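User: I would like to go through this model step by step, from its charges and overall build down to single residues. Could you reason through each point before giving the value or name?

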Amino acid sequence: MEYAGTWKEIWTQKGLMEGTKEDIRVYDGWEKSTADMGETAARISSVLKIEKNDSVLEVGCGAGGLAQFMDCNYIGIDFSKPLVEKCMYFYRKSAIWSEADHLPFRDNYFDKVFSWGVFLYFPDKPYFKRSVAEMERVCKDAVFIGELPKVSHDIKHQLYTEDEFKILGYETWGGWSEPYCGERFNAMKKLKR
């Protein structure tokens with residue numbers, strides 16, 4: 001199926017697609033990736049040291065591809081209402097329809113916050129900066145942002161440099177997912193609260 005429009009429109013179209021949780025790779029945009037969702041969730045959990053009692057926010061949860069593997073007090077947000085509904089229906093995970101740059105939570109509400117493969121769909125750099133500030137605002141311990149693209153095959157993708165994150169106090173390292181390891185990177189910031 002071909003999708004058209006802004007990224008928000010495309011992700012809404014994907015969410016409205018008929019299917020089951022067996023279609024999760026398509027709903028969450030993993031159809032071209034060879035990465036394993038369970039392994040990716042485990043790596044994120046390991047990097048953030050997520051414990052069972054931790055409160056964790058995923059920014060850009062989609063239909064729940066990573067959420068299904070999170071064994072903690074999990075909440076996801078996404079700007080696609082149909083994908084949020086699928087996350088709740090497929091995996092019985094808490095999810096809220098929200099923009100990343102205006103998170104509906106009080107300061108320091110979560111122990112950990114993460115986002116995976118989402119920032120490339122942000123509309124512009126001001127939205128990126130507001131979103132990072134919001135992720136930090138609602139977090140007590142650490143923020144992890146993964147699969148940040150340095151280059152892309154799609155001119156609509158928002159691109160980043162590691163320096164943009166280092167200026168904000170983030171540690172960066174190479175991407176995890178084939179075939180994008182050299183084209184993407186990860187970033188994490190431990191907060192001092």
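User: How far apart are the mean positions of the positive and negative charges of the protein chain?

Analyst: This is a predicted model, so the figure is computed from predicted coordinates. The protein chain carries 27 positive and 31 negative charges. Taking the mean position of each set, the separation between the two comes to 4 Å.

User: Which radius of gyration does the protein chain have, and what would be expected of a compact globule?

Analyst: Along its principal axes, the C-alpha trace of the protein chain spans about 45 × 35 × 30 Å. For a compact globule with 193 residues the radius of gyration would be near 16 Å, and the value for the protein chain agrees with this, being 15 Å.

User: What percentage of the residues of the protein chain count as buried?

Analyst: The cut-off that matters here is a relative accessible area under 20%. The accessible surface of the protein chain comes to about 9400 Å², with 52% of that area belonging to carbon and sulfur atoms. Among the 193 residues, the share that counts as buried is 54%.

User: Which strand gives the most residues to the largest nonpolar core?

Analyst: The largest nonpolar core has 63 residues, and those with the most contacts inside it include Phe119, Ile145 and Phe165. The strand that gives the most to this core contributes six residues and runs over residues 139-149, which is strand β5.

User: Which residues does Phe119 contact, leaving aside its neighbours within four places in sequence?

Analyst: Phe119 is one of the residues with the most contacts inside the largest nonpolar core. With its neighbours within four places left aside, its partners are Phe128, Val132, Met135, Ile145, Leu148, Gln158, Tyr160 and Phe165.

User: What covers the buried residues of α4?

Analyst: Helix α4 covers residues 81-91, and its buried residues are Pro82, Leu83, Val84, Lys86, Cys87, Phe90 and Tyr91. Just after this helix, Arg92 takes a positive phi of about 55°. The cover over the buried residues of α4 includes α1 (7-16), α2 (24-27), β2 (73-78) and β3 (94-97).

User: Is Lys52 buried or exposed?

Analyst: Lys52 sits in the loop between α3 (37-48) and β1 (55-59). Not counting residues up to four places away in sequence, Lys52 touches Asp71, Cys72 and Asn73. Its relative accessible area is 56%, and because the cut-off for this class is over 50%, Lys52 counts as exposed.

Conventions:
Residues numbered from 1 in each chain as written. Predicted model: local features only at pLDDT ≥ 70, side-chain atom pairs only at ≥ 80, totals over all residues. Heavy atoms only, no water. Core = buried A, V, L, I, M, F, W, Y, C linked by side-chain atoms within 4.5 Å. Buried < 20%, exposed > 50% of the residue type's maximum accessible area, 1.4 Å probe, protein only. Helix = DSSP H or I, 4+ residues; strand = E, 2+ residues; numbered from the N terminus. Contact = heavy atoms within 4.5 Å. Rg over C-alpha atoms; globule rule 2.2 N^0.38 Å. Areas by Shrake-Rupley, 256 points an atom, 1.4 Å probe, with all protein chains shown as cover. Lys, Arg positive; Asp, Glu negative; His and termini not counted. Charge placed at Lys NZ, Arg CZ, Asp CG, Glu CD.
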